[in-house]
Amino acid sequence: MTLNTSAATIANLVEQQQSTILAAWLESLKKQMVRSDAASDEQLKRHCGQFLSLFAQAAAKGGMDDIDGRPFDEVRGLLAEISSARARQGSTPSETATFVFSLKQPIFNVLRDALQSDAPALAASLWTISTLIDKLGLYTVEVFQKSRDQIIVRQQQELLELSTPVVKLWQDILALPLIGTLDSARTQVVMESLLQKIVETGAAIAIIDITGVPTVDTLVAQHLMKTIAAARLMGADCIISGIRPQIAQTIVHLGVNLEDVVTKATLADAFVVALGRVGASIRRD
Amino acid sequence: MERIPILRIGDLLLVTIQVDMHDRLAMSLQDDLTERIVRDEAKGVLIDISALDLVDSFIGRMISNTASMARVLDAQTVLVGMQPAVAITLVELGLTLPGVKTALNVERGMALLGKQYLAGPARRDPQAR
Amino acid sequence: MSDMSPAAGVRFSSQLLTPRAGARRVLVLPLTGDEHVVALRRLVRERAIDIKLSLVDQTKLVTAASELARNTLKYGGGGEAHVIELDDGVRLGVQLIFADDGPGIADTALALTDGYTTGGGLGLGLSGARRLVDEFDIDTRVGEGTVVAVVKWKR
């Protein structure tokens, strides 16, 4: 039996015996499930039913060796939905893949009953359905990963916003304590928000503290210098504090000109300087 | 052609630029300011650009030139209210307006100029020593 | 869609004037007077807002437009500006093309270095403008004309 006829056979059998397969599949899944309640039972039944029906249709259209092809578009779509839903509910990737893998046994049974007199045909069919379901199972793992990746990216963005607070230390004095490795994109975002805060609070001095920054590369150093220049154009001065020896070396090597910028070893020192400046330039009547 | 109004407050001149200036208007402002500094014996010039969402190299140059001419005429110039996006863009363009003092707003600008008269230490412009 | 061939005002022809795939909402403005630069700035600002560029990116694009328009006017003897919206299927962008029949630039490499100037000012503004945009192309022939094309994409 050629691959194509075995595919046709499988497709027919799955189509004809949908309800049998569905019942067997649901039973095996329920046995594996740890938690069980009416809602999740309902959802499971729905998912299985939909999947099987789409699977049968896709199998009938052919192309059983390629799950990326057009016939399997809807199947992949449903799997993606199921996978994402389960990810959100806290299922592990294994649980979701198992959902797919456990479809093998019911279909094997049906195939065995139908083809028991034709061993080579049975073997070929079993192989075809096995590899197909394996691919579908792996697909759910991929989708699962992607959903989680998206969640991570979103969390990273939220962390980014949380981790770069601009603090008002005193009347007219802002501090921006930078923590962690700075990449070009993050530095740009942070610097723009500093300038915005300067306008909003009417600060005269901004202390950029890099005690918590392990390394600085060319791009970050440039962004830093550009921010200081921009702040100056707006009418605010910047003080950089917390430059470690390694960073000092990097900055010198990069040829960055720090002549016009006041630098202090610690945030505290910078604050003292800032207070002095601010005390002198604002008249309190 | 319209001209940008120049207000006199004591011995200070205040210019509030609120329109998108074409080059000729910018040049006439520069001329007007120079003339008024002499005529009013002004000691300070405040240029308020808080309403400008754009400052290109021509306007930047106009401001620079005005400050230079003012200095020759013994008056200080302070540029106030530059918006963050404008500042970032000017820096990217490579314009840092050396020789031009800056302040966040008119009030600060006036305080800055006031300080100068009382022989306070120069604060905003590191290049002017 | 307007005719994109070397338009009525400018004879200098260049590959850069050929419309790109995904070009739409094309507008051609004359650049023969000061007030044209102001009008161009407004139009570019509108288009930048249309594709939802951040405020900083809007400002950079409009400033670049101002610089390049001025070049066309002062060094190119006047010309025109094309304002185009780009949609490459993945992202949106604004393209600006400045064309003139002026003297052309003899040494583009030199003109693109910082601080280079022929007009006693702060330079032709080419190197500065280039830093404000994502794509920058220039096509120029001495005695014939110049075309500068820039693009800013929505990040």
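**Exercises on chain B: its sheet and its contact with chain C**

In this predicted model, strands β2 (residues 12-16) and β3 (residues 44-48) of chain B run parallel to each other and are joined by five bridges.

**Exercise 1.** Find the residue of β3(B) that T16(B) stands opposite.

*Solution.* Start with the pair β2(B) and β3(B), which is parallel. Then look across from T16(B): you land on D48(B).

**Exercise 2.** Work out the strand order of the sheet in chain B, and say which strands stand at the edges.

*Solution.* Step one: the order reads β1-β2-β3-β4-β5, five strands in an open sheet with mixed pairing. Step two: β1 (6-9) and β5 (101-103) of chain B each have a single partner strand, so these two are the edges, and one side of each has no neighbour in the sheet. Step three: check the twist, which averages 25 degrees from one strand to the next.

**Exercise 3.** Which strands does α1(B) lie across, and at what angle does it run to β2(B)?

*Solution.* Follow α1(B) over the sheet: the helix lies across β1, β2 and β3 of chain B. Now take its direction against β2(B), and you get about 160 degrees.

**Exercise 4.** Describe the side of chain B that touches chain C.

*Solution.* First, the head count: 18 residues come from chain B and 21 residues from chain C. Next, the elements giving two or more residues on the chain B side are α1 (23-40), α2 (57-72) and α3 (84-93). Of these, α3(B) gives the most, with six residues. Last, sort the chain B side by character: seven residues are nonpolar, four polar and seven charged.

How values were computed. Residues are numbered from 1 along each chain as its sequence is written. Chains are lettered from A and ligands numbered from 1 in the order in which they are written. This is a predicted model: local features need pLDDT of at least 70, side-chain atom pairs count only at pLDDT 80 or more; totals for chains, interfaces and linings use all residues. Two residues are in contact if their C-beta atoms, placed from the backbone, lie within 7 Å. Helices (H or I, at least four residues) and strands (E, at least two) are DSSP runs, numbered from the N terminus. Ala, Val, Leu, Ile, Met, Phe, Trp, Tyr, Cys and Pro count as nonpolar, Asp, Glu, Lys and Arg as charged, and the others, Gly among them, as polar. Two strands pair if DSSP finds at least two bridges between them. Axes are lines fitted to C-alpha atoms, for helices over the stretch in contact, and angles run from 0 to 180 degrees between N-to-C directions.
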